[in-house]
Amino acid sequence: MPQYQEFNWHDHPKMTGFTKCVHGKLKITAMDKKFLKQSGDLYYFPLESLRIETLESKSNKNLSAIYPEQFNVHKIEALEISAFFDLLMPDYPDDICSFFNTI
């Protein structure tokens with residue numbers, strides 16, 4: 001079975017974003033940043049704080065949203081060969097994405 005790319009946990013500070021699956025099938029896992037707790041270089045979080053969505057290009061469920069204070073820390077996993085379109089508003093500020101290594 002082929003391996004598909006998993007994007008690391010990351011955020012888009014002060015931004016609203018929409019991800020549309022245009023081909024294939026994606027799994028998007030998201031949470032509010034307030035749930036992240038740091039232990040050294042690693043982060044942990046309660047599992048019940050997660051929103052898990054499956055987006056499919058050929059389905060009515062093909063769009064996901066993030067907001068500045070809600071579901072902004074997220075990761076995207078391709079469940080099969082996939083493509084997606086991201087719309088982020090406003091444009092990237094001076095502070096760029098943060099990436100999080102989780103346990």
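Is Lys75 buried or exposed in this model? Lys75 is buried, with a relative accessible area of 14%, and buried here means under 20%. The model is a predicted one, and the values below are computed from it.

## Overall build

The protein has ten strands and zero helices. Along the sequence, the pattern therefore reads β-β-β-β-β-β-β-β-β-β, where strands are runs assigned by DSSP and numbered from the N terminus. Of the 103 residues in the protein, 36% are buried. The accessible surface comes to about 6700 Å², and carbon and sulfur atoms account for 54% of that surface.

Contacts can also be sorted by how far apart the partners are in sequence. Among contacts between residues at least 6 apart, 80% join residues at least 24 apart.

## Strand β8

Lys75 lies in strand β8, which covers residues 73-78. Ile76 is found in strand β8 as well. The relative accessibility of Ile76 is 4%, so Ile76 counts as buried.

Both residues can be paired with a residue from a distant part of the chain. Lys75 and Met31 are 44 residues apart in sequence, and their C-alpha atoms are 9.6 Å apart in space. Ile76 and Ala30 are 46 residues apart along the chain, with 8.8 Å between their C-alpha atoms.

## Nonpolar cores

Which residues form the largest nonpolar core? This core has seven residues: Trp9, Met31, Leu36, Tyr43, Phe45, Val73 and Phe100. A second, separate core has five residues, including Cys21, Leu26, Ile28 and Ile76. Met31, paired with Lys75 above, belongs to the largest core, while Ile76 belongs to the second.

## The cavity

A search of the whole structure finds one cavity of 30 Å³ or more. Its volume is about 40 Å³. The lining consists of His12, Gly17, Phe18, Thr19, Ser64, Ile66, His74, Asp86 and Leu88. The elements that give two or more residues to this lining are β2 (16-23), β7 (63-66) and β9 (83-89). Strand β2 provides the largest share, three residues.

By residue class, the lining divides into three nonpolar, five polar and one charged. The charged residue is Asp86, because Asp is in the charged class and the other lining residues are not.

## Loops

Several residues in loops have features that can be checked in the structure. Asn62 lies in the loop between β6 (51-56) and β7. At 14% relative accessibility, Asn62 is buried. Asn62 and Cys21 are 41 residues apart along the chain, and their C-alpha atoms are separated by 5.2 Å. Leaving aside neighbours within four places in sequence, Asn62 is in contact with Thr19, Lys20, Cys21, Leu55, Glu56 and Ser57. Of these partners, Thr19 is also one of the residues lining the cavity, and Cys21 is one of the residues of the second core.

Cys97 lies in the loop between β9 and β10. With a relative accessible area of 17%, Cys97 is buried. Cys97 and Pro13 are 84 residues apart in sequence, with a C-alpha to C-alpha distance of 6.6 Å.

The sequence-distant pairs named so far are listed here.

| Pair | Separation in sequence | C-alpha to C-alpha distance |
|---|---|---|
| Ile76 and Ala30 | 46 residues | 8.8 Å |
| Lys75 and Met31 | 44 residues | 9.6 Å |
| Cys97 and Pro13 | 84 residues | 6.6 Å |
| Asn62 and Cys21 | 41 residues | 5.2 Å |

## Backbone details

Where in the protein does Pro90 lie? Pro90 lies in the loop between β9 and β10 (99-100). The peptide bond from Met89 to Pro90 is cis, with omega near -15°.

Lys14 has phi near 60°, a positive value in a residue other than glycine. Phe71 also has phi near 60° and is likewise not glycine. Lys14 is found in the loop between β1 (9-10) and β2, whereas Phe71 is in the loop between β7 and β8.

Which of the two opposite words, buried or exposed, fits Lys14? Lys14 counts as exposed because its relative accessibility is 59%, and exposed means over 50%. Phe71 counts as buried, with a relative accessibility of 17%.

Note on methods:
Residues are numbered from 1 along each chain as its sequence is written. This is a predicted model: local features need pLDDT of at least 70, side-chain atom pairs count only at pLDDT 80 or more; totals for chains, interfaces and linings use all residues. Side-chain values use heavy atoms; hydrogens and water are left out. On a 1 Å grid over the protein atoms alone, a cavity is a set of points where a 1.4 Å probe fits but cannot get out, and a pocket is an open set with protein on both sides within 12 Å along at least five of seven lines; lining residues have an atom within 4 Å of a point. Grid points are joined across faces, edges and corners, and a volume is the space filled by probe spheres set on the points. Helices (H or I, at least four residues) and strands (E, at least two) are DSSP runs, numbered from the N terminus. A nonpolar core is a set of buried Ala, Val, Leu, Ile, Met, Phe, Trp, Tyr and Cys residues joined through side-chain atoms within 4.5 Å. Buried means under 20% relative accessible area, exposed over 50%, partly exposed in between (1.4 Å probe, protein chains only). Contact means heavy atoms within 4.5 Å. Accessible areas come from the Shrake-Rupley method with a 1.4 Å probe; for residues, only the protein chains shown count as cover.
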